[in-house]
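Please find below a colleague's note on the structure under discussion. The points are numbered for ease of reference.

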Amino acid sequence: MKILMFGWEFPPHITGGLGTACYGITKALAKTGNEIVFIVPKSYGDEPEDYTRILSASEIDIDLSQEYIRQYWENISYIVVNSKLVPYLGLDDYYNVINQGSNKREIGFNYSSKRYEFSGKYGSTLFDEVEKYALVAGSIAKNTEFDIIHAHDWLTYKAGVVAKAFSGKKLVIHVHATEFDRSGENINQAVYDIERYGMDNADHIIAVSDYTRNIVINRYGQSPDKVTTIHNGADSFESVNIEREKNFNEKIVTFLGRITFQKGPDYFIEAADKVLKVDKNVRFVMAGSGDMLNRMIALVAKKRISKHFHFTGFLKGQDVNRMFSLSDVYVMPSVSEPFGISPLEAMSSNIPVVISKQSGVSEVLKYAIKVDFWDTDSMADAIYGLLNYPSLSKMFIKNGKEEVESIKWDDNAISLNRVYNNLIRY
Amino acid sequence: MKSICFYFQVHQPNRLRHYRFFDIGNNHDYFDDAQNAWLCRRVADKCYLPTNKLMLDLINENKGRFKISYSITGVVLEQFEKYTPEVIESFKALASTGCVEFIGETYYHSLAALKSKSEFKNQVKLHSDKIFELFGQRPSVFRNTELIYSDYIGEIVGDLGFKAQITEGAKHILGWRSPNFLYKSSKNENLVLLLKNFQLSDDIAFRFSQHSWEGFPLTVDKYVKWLNQTQDAECINLFMDYETFGEHQWKETGIFEFLRELPKGVFKKTDFGFSTPSQLVDNLKPISEIHVPYPISWADEERDLTAWLGNDLQDDAYDQLYELEEEIISSGDKDLINDWRYLQTSDHFYYMCTKWFSDGDVHKYFNHYDSPYDAYINYMNVLSDFRIRLSNLISKNP
């Protein structure tokens, strides 16, 4: 089968789990005999193309001679994100809706060139790029042969819908996260509208977990028949075996991720405070950055636990591995996590994990301690137990690693093929 | 005779380097020598060397009638010795004129007075010894870090044998009274207090080049007129950072020309002369006691401690630092004690201040961190390593 796939990022240029997941999916799909063309807003030339053809939307002409495209372009209102750097999944994003008159389209878009240079980032022109990316999708749909369309996350839903309108092929959208995961109850209506538009126009919806499937059904009004849960795989991690630098005598409990509302960093601090009241032989580390970082620093200062609580700032590359190599327990206290790849990485690096029940990954893991994100008593219990009862942590380390290796992207591809086949048959 | 009393503060902190979490336990080198050397060189070239030369000229030209005083921290003296020894020489030349007084303070420009009497006393003594060693004078007038003063601090300073202390002429302490007289401590009647005339001091230090200020541009004629308007004054205490000349106010603002012409203008058009703090104390009588139950300083509108202490970041760091005092001192380890004292320099806590979040321009100028939170994290990482070193040392030599 030939698949036209839309995604906003692809390794190695990724900001979160989305790009990693796209890689795992395309690789496994290709192994089962599918041909995939993957459209990113901007390619860098160093993406692995062993399994997938990567196309950059920046290098594709937008065909304005097509009536449909012109109509589409003239009827969209688009939105300027009024912030220099909008983290894709941040909470405090500030959006400003501007209804552009149809004659005022010069900004960033030149009719004569017919090409648009995408940044592929999550910056102030994000909404603009989303719209133009959709236009490019029209051109591609016209000039490419394929059997099915597959779009990953809201940034590419419009592209999927346009491609569908052009080709008459079936559209699958893949929900890796929803606006409710990113922003809690204070959703950005413009993002929600695009998500809903994509879901309403999709022929089938893939959710990365039952947790996310429920949100899609309940919050976006989708029929349960139309939504299938297909969990992500986990067998693509390289386990980290760096020699541990012994700079502390104490054991280390780590939070690693964006320090945003969604990730529940404040619950981690509450739990740390509780553990430290009974066990001082431990240090907590919060690695990452985000819009809640300063508030978290102030909270640690206020609780006077900074002797045992450290912040590393944003880590990348080798420093992430170093952090794993130092860690004795990994905690993912997410308030809302559609899937959650990071605990799997930790487990494959021989670290026992505590994860929140409000995460998709908790549906597939047995060898992880699961607690409600708000239940910091239980979180503290779990951390204390893993730190102080070696038989417990040994069991989690050993079985956890095996478990992660058994969660395969290949199974994910089998399920996806089943969805494709059902759609094409009708 | 009515006197103008100039006192200049000379200080540069020993800045911390970017110290990461991964450094804790592995790297015991806390200070950014390269940055400190670079800044020391820059400020020496822009301020210390040219201003010292100008001061020396003025003293010589006026044949002893122009007098000034300095407080120079031990921390900056060490940097001069390492990076710009010619600055030390130029201060020595000033010292030998007999028209320059050196004032005592804490060697490490610390906030020890608010926390530990014994540590405070140690640092004052270290500083006096250093000043004596370099300039042949033993300070008899004292200024505490950032002019921080309270009745309690005055008591300790008096016990240490100082005859006077310099502090801020804070409005909420003075009320209707004028800063232009000598006062004395309410707890120790032998301790004279010299209060800063912040109006006339800040006209030079802060407002000199401020275009929006009604007094702009400040000329010697204008300034002399203001001096003459201070009726009944016995002394006008002009206290400011020495870096005012050439660093806070760049030479393009005309600050050096102003300073060059000021003594002449004063001698010609007023009945003021110049005195050092000690001369004021010897020649004038305090007119009344001053009560200062809560510490004051020369910082910000509030003239309180909130630039250095008061938010959770600052208080946490400060408390953790001084918690270690007993163990550190009794360890007797010279390197550890020295690092611990460098960590006491008030600037580290100033960087953690969150007061200026909205309009941080003045603050930013003195701050190499992106945010107070960064400053706190960096400092606490260093402190974590420091604590590990200390406990390793103690477990080795119980």
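The following points treat the domains of chain A, the contact between the chains, and selected elements of chains A and B.

1. Status of the model. The structure is a predicted model, and the remarks below should be read accordingly.

2. Domains of chain A. Chain A is divided into domain 1, comprising 2–233 + 409–425, and domain 2, comprising 251–406. Contact between them involves 21 residues of domain 1 and 16 residues of domain 2. On the domain 1 side, the elements that contribute two or more residues are α1 (17–31), α5 (179–183) and α7 (210–219) of chain A. By character, the residues on this side of domain 1 comprise 10 polar, 7 nonpolar and 4 charged.

3. Helix α4 of chain A. This helix spans residues 157–167 and is mostly covered, with 10 of its 11 residues buried. Among the buried residues are Y157(A), K158(A), K164(A) and F166(A). A run of further buried positions includes A159(A), G160(A), V161(A), V162(A) and A163(A). Just after α4(A), G168(A) adopts a positive phi of about 75°.

4. Contact between the chains. In chain B, 16 residues are in contact with 16 residues of chain A. Helices α11 (312–323) and α16 of chain B each supply at least two residues of the chain B side. The largest share of that side, 6 residues, comes from α16(B). The chain B side divides into 8 nonpolar, 6 polar and 2 charged residues.

5. Helix α13 of chain B. Within α13 (residues 334–342), the buried residues are D339(B), W340(B), R341(B) and Y342(B). These buried residues pack against α12 (325–331) and α16 (372–396) of chain B. Helix α16(B) thus appears in two settings: it receives the buried residues of α13(B), and it supplies 6 residues to the side of chain B that touches chain A.

6. The sheet of chain B. An open sheet of 5 strands runs in the order β4-β5-β7-β6-β10, with mixed pairing. Strands β4 (141–143) and β10 (288–290) of chain B stand at the edges with a single partner strand each, so one side of each has no neighbour in the sheet. From one strand to the next, the twist averages 40°.

7. Strand pairing and the packed helix. Strands β6 (residues 183–185) and β7 (residues 192–196) of chain B pair in the antiparallel sense over 2 bridges. The bridge partner of K184(B) in β7(B) is V192(B). Helix α5 (residues 151–159) of chain B packs on the sheet and touches β4, β5 (164–168) and β6 of chain B. The direction of α5(B) makes about 85° with that of β6(B).

Notes. Residues are numbered from 1 along each chain as its sequence is written. Chains are lettered from A and ligands numbered from 1 in the order in which they are written. This is a predicted model: local features need pLDDT of at least 70, side-chain atom pairs count only at pLDDT 80 or more; totals for chains, interfaces and linings use all residues. A residue is buried if 20 or more other C-beta atoms lie within 10 Å of its own, exposed if 12 or fewer, and partly exposed in between; C-beta atoms are placed from the backbone. Helices (H or I, at least four residues) and strands (E, at least two) are DSSP runs, numbered from the N terminus. Domain bounds come from an automatic or database domain assignment. Two residues are in contact if their C-beta atoms, placed from the backbone, lie within 7 Å. Ala, Val, Leu, Ile, Met, Phe, Trp, Tyr, Cys and Pro count as nonpolar, Asp, Glu, Lys and Arg as charged, and the others, Gly among them, as polar. Two strands pair if DSSP finds at least two bridges between them. Axes are lines fitted to C-alpha atoms, for helices over the stretch in contact, and angles run from 0 to 180 degrees between N-to-C directions.
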